[in-house]
Amino acid sequence: MSRPLRIALTKGRLEKDTLGLLESLGYDCSIVRNKGRRLILPIPNGNMEVVLAKANDVITYVEHGVCDLGVVGKDTIMEMQGKFYELLDLGFGRCKFALAVKKGTDFYSGFSVKTIATKYPNVSRSFFEAKGMDVDIVKIEGSVELAPLLELSDGIVDIVETGTTLKENGLEVYEDVAPISARLIANTVSMKLRQKEIEALTDQIEGYFAENKE
């Protein structure tokens, strides 16, 4: 007997939202919800098991085939890229990438090369390359909002949900870069070897969305 269909979930909010979706489809996720410190947990009535991981690792596990499916934000997909199939937009975890600047700044004025601070250098580079702009990118690991305040950068590219943190630090969204939401991804080999199981699950999800349209 083959191992259960293995799904990597991004720990935290996406994990909870995905479990809610699976429970709505009739799957028993009680063991996952009472996980303790375990990181691999069964869904007994679905021949599935869940692997809990950080977002970047979800993509790594799916890409290398140790997990058949994964749930991860579009932000991580855009930054890491990689070889896998993006099957469904799951609709939760909605936010956006945005270019933000100090309030009142005209970012595109002048001819000097702009400096952008970000946790997402690949996303930022692609965005400005599409505009034909040459920018200097500084990678920041912590609170990226500090960079323009300390005059390290002319602006930032970051994930924005409510915009409250920007406002509290004297920044504002200058331009939207890309919408973000949770996506279901699949390993390329699993799509061939476990096509029926994967399609059965995606059909269930799509059917649920169709029945529960707002």
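I40 has V51 in β3 as its bridge partner. The model is predicted, and this pair belongs to the antiparallel contact between β2 and β3, which are joined by four bridges. On its other pairing, β3 runs parallel to β1 over six bridges. The briefing below covers this strand, the nonpolar cores, the cavity, the pocket and one buried acidic residue, E15.

**Strand β3 and its partners**

- The hairpin of β2 and β3 has four residues between the strands, and N47 in this hairpin takes a positive phi near 45°.
- In the pairing with β1, T10 stands opposite A53 of β3.
- Six of the six residues of β3 are buried, so the strand is largely enclosed by the rest of the structure.
- In a regular strand, side chains alternate between the two faces of the sheet.
- Both faces of β3 are covered, with M48, V50 and L52 buried on one side and E49, V51 and A53 buried on the other.

**Nonpolar cores**

- The largest nonpolar core has 28 residues, and Y27, I43, L69, L90, L201 and I205 are those with the most contacts inside it.
- At least two residues of this core come from each of β1 (5–10), α1 (13–24), β2 (40–43), β3 (48–53), β4 (69–73), β11 (182–186) and α9 (195–211).
- Helix α1 gives the largest share of this core, four residues.
- Another core, of 15 residues, lies apart from the largest one and includes F107, I116, Y120 and V177.
- Not counting residues up to four places away in sequence, I205 touches L21, L25, L88, L90 and L184.

**Cavity**

- Rolling a probe the size of a water molecule over the atoms shows where empty space is left.
- The structure holds one cavity of 30 Å³ or more.
- About 70 Å³ of space lies in the largest cavity.
- Its lining consists of I7, T18, L21, L22, V71, L90, L184, L201 and I205.
- L201 and I205 thus appear both in this lining and among the residues with the most contacts inside the largest core.
- Helices α1 and α9 each supply at least two residues of the lining of the largest cavity, and α1 has the largest share of it with three residues.
- By class, the lining of the largest cavity has eight nonpolar residues, one polar residue and no charged residues.

**Pocket**

- The largest pocket has a volume of about 420 Å³.
- Its lining has 19 residues, of which A55, D75, T76, Y120 and I159 lie nearest the pocket centre.
- Y120, one of these central lining residues, is also among the members of the 15-residue core.
- At least two residues of the pocket lining come from each of α1, α3 (55–63) and α4 (74–80).
- Helix α4 supplies the largest share of this lining, four residues.
- By class, the lining of the largest pocket has eight nonpolar, six polar and five charged residues.

**E15**

- E15 lies in helix α1, the helix that also supplies the largest share of the largest core.
- E15 counts as buried because its relative accessible area is 6%, where buried means under 20%.
- Leaving aside neighbours within four places in sequence, E15 is in contact with L9, T10, K35 and L52.
- Among these contacts of E15, T10 is the residue that stands opposite A53 in β3, and L52 is a buried residue of β3.

Conventions:
Residues are numbered from 1 along each chain as its sequence is written. This is a predicted model: local features need pLDDT of at least 70, side-chain atom pairs count only at pLDDT 80 or more; totals for chains, interfaces and linings use all residues. Side-chain values use heavy atoms; hydrogens and water are left out. A nonpolar core is a set of buried Ala, Val, Leu, Ile, Met, Phe, Trp, Tyr and Cys residues joined through side-chain atoms within 4.5 Å. Buried means under 20% relative accessible area, exposed over 50%, partly exposed in between (1.4 Å probe, protein chains only). Contact means heavy atoms within 4.5 Å. On a 1 Å grid over the protein atoms alone, a cavity is a set of points where a 1.4 Å probe fits but cannot get out, and a pocket is an open set with protein on both sides within 12 Å along at least five of seven lines; lining residues have an atom within 4 Å of a point. Grid points are joined across faces, edges and corners, and a volume is the space filled by probe spheres set on the points. Ala, Val, Leu, Ile, Met, Phe, Trp, Tyr, Cys and Pro count as nonpolar, Asp, Glu, Lys and Arg as charged, and the others, Gly among them, as polar. Two strands pair if DSSP finds at least two bridges between them.
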